[in-house]
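Reader: I have a structure with a ligand open on my screen, and I would like to understand the terms people use for it. Could you go through them with me?

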Amino acid sequence: MSQLSAQRTTRLSGTIRVPGDKSISHRAIMFGALAEGTTRIRGLLEGEDVLSTAAAMRAMGARIEKQDAEWMVEGVGQKGLSQPEIPLDLGNSGTSARLLMGICAGYPISARFKGDASLSKRPMKRVIDPLTQMGAHFESIDGRLPLTITGSADLRAIHYDMPISSAQVKSAILLAGLRARGITSVREPKPSRDHTERMLAAFGGACTVYPDRIAVDGGQTLSAPAETLHVPGDPSSAAFPVIAALLTENSDVTLTNIGLNPTRTGLYTTLIEMGADIAFLNERKIGGEMVADLRVRGSKLRGVTVPPGRVPSMVDEFPALFVAAACAEGEFFADGLDELRVKESDRLKTMADNLKACGVELEEGANSLRIYGTGKPPKGGATAQTHLDHRIAMSFLVLGLCTPEPVTIDDDHAIATSFPGFVAMMNDLGAKIS
Ligand code: S3P
């Protein structure tokens with residue numbers, strides 16, 4: 001654990017490639033580990049979260065290793081997952097924990113799940129309830145990690161009306177549904193990211209997306225794709241250099257190969273409404289996902305109101321967006337943000353407390369945040385408490401690049417969960433973070 005400080009920077013410039021998409025990387029390892037045959041993956045995020053998923057799948061029988069630039073995953077296929085002899089340590093990663101519960105539910109094995117202090121506080125009942133209805137058994141003290149799941153080779157298909165929009169919950173149910181008797185379906189209030197649905201097709205599986213539900217047939221077998229899977233750059237990681245470039249006046253930064261799946265682009269729509277100068281160049285499709293290069297120039301931003309229906313398509317981007325709003329002119333408002341309270345930290349409270357300490361005027365509601373922007377960056381000069389949350393850590397380093405006084409973060413460790421090399425990449429663009 002070490003502190004880092006960011007100092008005012010006049011200009012960022014250059015071309016960067018951010019690490020691979022975290023959601024797609026988890027799924028590439030998981031699907032590859034379940035499939036018959038060998039899956040090859042390029043551009044995989046080698047962050048701690050994805051490495052936790054890889055370690056868990058290895059403990060259940062898959063072979064996963066890196067050969068030169070490609071990751072090779074030899075799946076268990078028909079043989080099925082084997083009983084893990086060690087607890088599955090999922091570190092900081094909610095996606096690993098929840099999707100792996102959906103996977104384990106369909107096999108006659110018992111697995112102990114554990115995680116770090118942040119993951120051990122996060123609610124798991126949202127996956128425990130539907131998976132229990134399907135026939136899996138859980139032992140947990142309060143619906144949190146550590147817990148033990150015992151799966152079943154004879155799962156029941158269910159229809160599940162999800163009370164919240166969550167790709168993690170949806171994916172856990174669909175993954176269990178692949179092993180259940182009959183057709184499993186889910187309905188969510190607003191569509192969440194659809195990487196599971198897309199990746200299923202790449203592995204020879206299928207699910208049907210109806211206007212009111214997503215359905216998957218039980219008893220499907222997956223097979224490794226003939227072609228190498230290419231993971232696009234993560235639009236959620238790109239948010240940090242993009243907002244840093246917007247907030248530092250004379251900046252001109254290009255980010256290549258950024259994933260622009262329409263279920264992930266809410267931040268970019270919002271930034272453009274705020275007056276951001278972002279050009280989408282060379283738009284193309286790679287491995288079933290839209291990708292573009294983003295050219296970003298320093299911009300004068302204004303406050304906006306974010307429509308609540310947009311929240312699922314930018315659920316991870318609010319910490320970075322709040323930093324942009326704190327430097328914009330006029331009032332910014334977002335609500336429908338209940339889910340922010342159960343991310344790696346309580347992101348509404350963590351952001352509100354740290355922004356206030358940096359001199360930002362704001363009002364934190366039960367599920368909303370209102371920020372009174374002055375058109376100038378706040379004074380900074382505080383130490384942000386990151387609570388093991390990578391996106392909080394990166395957000396406050398970005399803020400420190402434009403405040404008159406430096407901004408310090410108490411702990412840089414969590415950054416490596418999603419964006420290894422963040423500080424070096426920012427400093428190569430001209431940032432002063434040390
Ligand atoms: C993810 C889904 C989101 C997101 C998380 C990754 C995924 O969580 O916050 O970082 O890969 O499915 P929810 O589905 O719980 O909103």
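Reader: What makes the pair formed by an oxygen atom of the ligand and a polar backbone atom of Gln 168 a polar contact?

Author: A polar contact is a pair of N or O atoms within 3.5 Å. The ligand oxygen and the polar backbone atom of Gln 168 are 2.9 Å apart, so the pair qualifies. Polar side-chain atoms also lie by ligand oxygens: 2.7 Å away for Ser 23 and 3.0 Å away for Ser 166.

Reader: How much of the ligand does the protein bury?

Author: The protein buries 96% of the 390 Å² that the ligand exposes when taken alone. These areas come from the Shrake-Rupley method with a 1.4 Å probe.

Reader: Good to know! What should I keep in mind about the model?

Author: The model is predicted: local features need pLDDT of at least 70, side-chain atom pairs count only at pLDDT 80 or more, and totals for chains, interfaces and linings use all residues. Residues are numbered from 1 along each chain as its sequence is written, and side-chain values use heavy atoms, leaving out hydrogens and water.

Reader: Why is Thr 248 called buried?

Author: Buried means under 20% relative accessible area (1.4 Å probe, protein chains only). Thr 248 has 1%, so it is buried. You will find Thr 248 in the loop between α7 (235–247) and β17 (252–259); helices (H or I, at least four residues) and strands (E, at least two) are DSSP runs, numbered from the N terminus. A polar atom of the Thr 248 side chain lies 2.7 Å from the backbone oxygen of Ala 244.

Conventions: A polar contact is a pair of N or O atoms within 3.5 Å; within protein, one must be able to donate a hydrogen and the other to accept it, and residues adjacent in sequence count only if both atoms are side-chain atoms. Buried means under 20% relative accessible area, exposed over 50%, partly exposed in between (1.4 Å probe, protein chains only).
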